[in-house]
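Student: Could you take a close look at a single chain with me, with most attention to how its charged side chains pair up? I am new to this, and I would like each term explained as we go.

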Amino acid sequence: MLIDLSTPGGAVLGLLPELALTAWALVILLVIAWRHTTVADTRLVGQLSIVGYVLAAGAAGWLGLQGAHAEGLNLMIALDGFRFVSDILLLWIGAAVTVISLRWLERQGMLAPEYYVLLMLATVGMMLLAGAADMITLFLGLEVMSISVYVLAGYDRSRRASAEAALKYFLIGAFASGFLLYGIALTYGAAGQFIFSLIGGQLAATPPTLMAKLGMGLLLVGFAFKVAAVPFHAWAPDVYEGAPTPVTAFMASGVKAAAFLALARILAEVFPAFVELWRPVVGGLAIATILVGNLTALAQTSLKRMLAYSAIAHAGYLLLAIWAQSDSGTAAVLIYLLAYGLTTVAAFGILASIERTGTETVRLADLEGLYSTRPLAATGLSVCMLSLLGFPGTFGFIGKWLLLSSALSQGEWLLPLVAMIGSGISIGYYLPVVLAMVMKPAPNPTAHDTIRFPRPATVAIACCVFVILVLGFWPNPVLNFASRQAVQLRHTAVVIAPR
Amino acid sequence: MFLGPSLALSAVLFALGVVGVLIQRNAIVVFMCVELMLNAVNLTFVALSQLHGISGQIMVFFVMTVAAAEAAVGLAIILAIFRHTKSVDLTQINLLKG
Amino acid sequence: MTQFVWVAVLLPLLGAIANGWLAFRRPNAKGLVSAIGVGVLLVAFVVAVGVFLEVRHRAEAVTVLLWHWMPVTQRLSIDLAFRVDRLSTVLLLVITGVGGLIHLFSVGYMKSDAGYARYFAYLNLFIACMLILVLGASLPVSFIGWEGVGLCSYLLIGFWFEIDANSDAGKKAFIANRIGDFGVLMAMFLLWTNLGTLDFAEIAQRAPAVIPAGSTLAVGITLLIFLGCTGKSAQIPLFVWLPDAMAGPTPVSALIHAATMVTAGVFLVVRTGVLFALAPVTLEVVALIGALTAFFAATIGLRQYDIKKVLAYSTISQLGYMFLGVGTGAFATGIFHLVTHAFFKALLFLGAGSVIHAMHHAYHHVHAHDDAQDMRNMGGLRAVMPWTFTLMLIATLAIAGVPPFAGFFSKDEILAAAFARGATNPVYLVAWGLGVAAALMTAYYMARLMAMTFLGKFRGGAGAEPHLHEAPWIMTGPLVVLGVLSVIGGAINLPAFLGEGSAEGLDRWLEPVTAPAQALMPALVMPHGGTEVMLLGGAIVVALLGLTLGLRVTMASPIPLPGQAAPEHGLWLLLNRKYYIDELYAAVIIRPVHWLSRRVLWQIIDAFLVDRMAVGGTARIATSLGWLGSRVQNGQIAFYVVMFAAGAVLILRTLLR
Amino acid sequence: MNAVTVVFWCFAAWAVASAVLMITRSHAITSALWLVSTMFALSGIFLLLHAEFIAIVQVLVYAGAVMVLFLFVIMLLNLEMEPWQWRRWPIWVFGAGLVAVLCASLVSLRSYTPERLAQEVSGLSSAVDPAMIFPDGRAAEAAARSQGVVGAMAEPLFRSYLVPFEVTSILLLAAIIGAVVLAKRKL
């Protein structure tokens, strides 16, 4: 299907998934206007909001099946398989987080149904960020996402930690936005364009200039912040720990995924000509991120914080695939994000259910003996830990395998080696979780009585765990699909004649 | 045209914003320093838009919108933390660490 | 039947799921649990026999494709497929056969354990993983099983998780194994980037053309694979976990840490034999490490008091023999020892389990809390446990290398192969010497074990003695079968001079598997005629000497109870008495060796250097680095901004370089 | 040095001085007022750079609305005067050094002239006329003359940049919901 994005009709068609989700968010807002007082209202709004994700995913799927592509240039928003796949991935994360939030909000006494609207708007922002075809949409998408997530991080207003998380995220996030914007400005200066493919063509036509290099550097800084790469990671553990747990799941999977998808697109479409320049930077970030993330995770006692550092380490692995800058690397990014997203949502979902009402964080000792009282939850969390560890037979292994092989096929040795060392270190903190649940007795018979597994969350988590296992052994269809979409992201610029 | 001088001025103001974020302890002032950084970038856009056309100025327009939205949310967040700590001193806001 | 080999994998997997479910729903339905747990193994064994009957008439391998697993690009295509050939058939029979016997034994041994269903769930899962390991048609598929058996082993070591030390032992095992897995994974990537395949058959086909013989690449790949093997098969330097792994239930030690999982390394070397054939240097390393491990572990085994620890070090030592065997390039010989070892070591462990079971029950009756595994508390059990004694005696003779028991033939063949290689390469001669010395010590410590356990008088207290009794038939039955196998097991590969028709059965059976690798190596001329007879005679003499010495030295002096006077002092008092010769011998040779074994090798090298410094030290360094990272995270936004600015400056300066 | 250049440098000095004062004041209100002063200086520079619309919006929206919001919140919180103190630890010296390097990297952009940029963009080795290379700039000037400053902005804003313009409405919606949710006394 050929879409002319320069006409209003074409723009509406091209933005159908985003528009569907936004429109549904507005409908939900209207519902909230009348019903916002009781527990049942909150629950209703949450259930209704899932329809929006389904609608939007349907729209994205329809566009993808129609083979939608732009007439001429991709203006504002990209029309390719990579975007539709990204959209569905992000929508899935949004929907899954909504499901695990359903009863959790009630338990924690956070009865403000606007939560779900913000979640939807954040997802719209993520989709715009990941699908942007020019710098303006990219920046606005990033800000829509960030502003919604700043609020979500501080949503539990009864807890000081939540407010503190929001403040830290907001201040450092706005600070990082400044760098990103500066990068956009200088890239604009060097190319005279905001549209990705045109910038890419312009930059490929001439040797790297000072302004272009600085612009790219500052853009990388901005994205390194969003993906929480070392040394721009310091906010992440604090914010992940303080935010409400489902929001943490959203940040660790969705926000990170959107940032990575956008980074992959920018490096592929805008800076393919500078690949030798940015590779050392991305490689260095990857090494630092893998080592610092994994080592610091060792020292954690709070499970949420441990997962936060593990999320940092995983960003390092993903940078490896970005580094490869190849079709197999892009496919690896998609697969790894899917594997990591499934696992993270499931792990945080289980963690949210284990949490007691109030402020107490879940520590390793709190999990002791979980296997004997809650075998299914313990099994689920164990599968998540093994998948994060990259244990063969889980989807995490497939993801890690693809990452390493994409880097290795570029003839690189150091990065995969560091990744494997990091993966070795990670045994030191993933395994004790399994160990505590399976091998330690419960401290007392009533230790786990406060754990509640509401049905919707259980179903969502069980689905995730099941998919992790099934795809671990039978990833074929997903892999083929991902590699078909990945090749649509070109890694070469269309060189335009110098003016 | 003042292209070079504007870019340099922009860089200096941006750096001053970064310094402000580093040395200030008041969350509101830190946020204002971030606004200063955004303003500095706006200057770059405007300077470049003399050559590259009106699109740079349109970007500035969007940046101002974003800044306004960030201000609304940011100040609400600062109010929220103030309710808990009765202070906006960033050195006191370090419950989360380690 | 070959096409249905997946049934043998699927059934234990389903058994594991069913038992896992029962563990929570019907923890007391022990009858059902045993029926499922043992039943699936029985069916799997029938399948294995069916496969064997087919493979008997077929030399070439058959690949059973289940589904495509990871076809990502044109270059990388990995199928989930099983490879049924003569090597995997042998292993299939051993795993399902010996595994089935151990399952049966467990029915009696674990009868009163609360975690009965959970135990069988793990055990079935282990069998499924082990079968995936040996049946895998490509390295990644085998790697699933490789990792899976590690996980099961870890779960089973920590089975009695109420005791902290047990779960720590489990963790240690897992970490040591993961270090090895790192090597395998790296080797896989190297193979893939160079050969573009990970399929065993294609590796064997392409490797000789692509990888030059003796090249750094060949040595690198094989050394990495061997690193994995040292982890899984408890060789120097990654052997530290195996003795600790004895914390699990005894049948687990028999199944996983003696008969099956730990031999996976030997299997992997044979599976990738072509690669090893391309790297003679690695083969030397394998042989030398194997011989050193055999010697080193046997030395430590001389002076242990825990009956399972003796057997654990003995296992490490015997695994060393297997690696010495494959290191000479005589792959079939290594597999031969693997099979016979599975018989007699399983028998030894189960016998020890029977003894511990009896001791435990006796102590339980009198409410004593003495160590049921300490041999100093035993003695004189021959009278009450005649079956166990007889069967363990058979196993002892087998492991010591007394003809015509199974171990004699396999061990002798390994030493003969090493001796033959020694003619051209002195490294193998050293290895042979170490192997012979280890054989002497093996006989010694086994005789010591038998003497301390079964001979003399019962030292565990008069009160407990009347409660000692022979194990029930469900436990002794499997022992009898294993005993028969330990006696006649050597028949599968008799040396050539014992008759043309039946001799070297296993060698010929495995020839289709080992031929491609053998073609790349200089032919191994086995000693024959006078040399062969001399070697055989020497081996018999060494075995008998070791046994006699062990028996005499152990019986020479009263064995003190744990916590009482150290035997060294007791020996001095007896210096001028009846066993003067023995005592002199003890003073000049045995005591220094004991001292070396216990103080130097075990306490300093094993416990301190390897265990504390290498394994523990790495962990400590990592933890303290993590602590440092955690301190940097001080919660101050301004500090985070400094880090941010540092990163930004680094990035910009890198780009502007 | 003509009069316009003198005015530019005056504005620049004003902006930098105000910014320095802003980041070093110990009281939030003083800082806010110095930020307003910086913004006025910048708006003057925008005028010199022929961005009249942006200059006006800068004063109206930024200095007028956003900063008033800041002042409002500062006064609402009624913070007591916090004594100024330099951070003592060496880490801040380190931080200052880092920012100096950052600043130096970015200030290296001062060497850009329209001619240099034109040369870089065109990839030519000889000197070129910026007016030839950057037709968009001239077109914008022409549009400003024919349609007026606002018209020249409005035309592309509502045609080419319609989608981003609509996205800002989502942005503002999210900000409104967020601010309301966080600031409400009771959920």
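Tutor: Happy to! We will need one idea throughout: a residue is buried at under 20% relative accessible area, exposed at over 50%, and partly exposed in between (1.4 Å probe, protein chains only). Keep in mind that this is a predicted model, where local features need pLDDT of at least 70, side-chain atom pairs count only at pLDDT 80 or more, and totals for chains, interfaces and linings use all residues, while side-chain values use heavy atoms, with hydrogens and water left out. Residues are numbered from 1 along each chain as its sequence is written, and chains are lettered from A and ligands numbered from 1 in the order in which they are written.

Let's begin with the charged pairs. Side chains of opposite charge can pair when their charged atoms come close. Here a salt bridge is a side-chain nitrogen of Lys or Arg within 4 Å of a carboxyl oxygen of Asp or Glu. Over all chains, the structure holds 19 of them.

Find Arg43(A) and Glu106(A), whose side chains form a salt bridge at 2.8 Å, N to O. Arg43(A) belongs to helix α3 (residues 39–65) of chain A and Glu106(A) to helix α4 (residues 81–107) of chain A, so this bridge ties together parts 63 residues apart in sequence. (Helices, H or I with at least four residues, and strands, E with at least two, are DSSP runs numbered from the N terminus.) The two partners sit differently: Arg43(A) is partly exposed, with a relative accessible area of 27%, whereas Glu106(A), at 16%, counts as buried.

Now look at Asp80(A) and Arg265(A), which meet in a salt bridge at 3.2 Å, N to O. This pair links distant parts of the chain, 185 residues apart: Asp80(A) is in the loop between β2 (69–70) and α4 of chain A, and Arg265(A) is in helix α11 (residues 245–269) of chain A. With a relative accessibility of 7%, Asp80(A) counts as buried, and Arg265(A), at 1%, does too.

A third pair is Asp156(A) with Arg159(A), joined by a salt bridge of 3.4 Å, N to O. Both Asp156(A) and Arg159(A) are buried. Elsewhere in the chain, salt bridges with shared partners connect Glu164(A), Lys168(A), Asp238(A), Glu241(A) and Arg305(A) into one network.

Before we finish, let's visit a helix and the loop that leads to it. Thr209(A) lies in the loop between α8 (196–205) and α9 of chain A. Its relative accessibility is 11%, which makes Thr209(A) buried. Contact means heavy atoms within 4.5 Å. Setting aside neighbours within four places in sequence, Thr209(A) is in contact with Ala190(A), and also with Tyr112(D) and Glu120(D).

Next along comes α9(A) itself. The expected span of a helix is 1.5 Å times one less than its number of residues. For the 17 residues of α9 (residues 210–226) of chain A this gives 24 Å, and the end C-alpha atoms are 25 Å apart, which agrees. The helix α9(A) is mostly covered, with 17 of its 17 residues buried. After α9(A) comes Ala228(A), whose phi is positive, near 60°.
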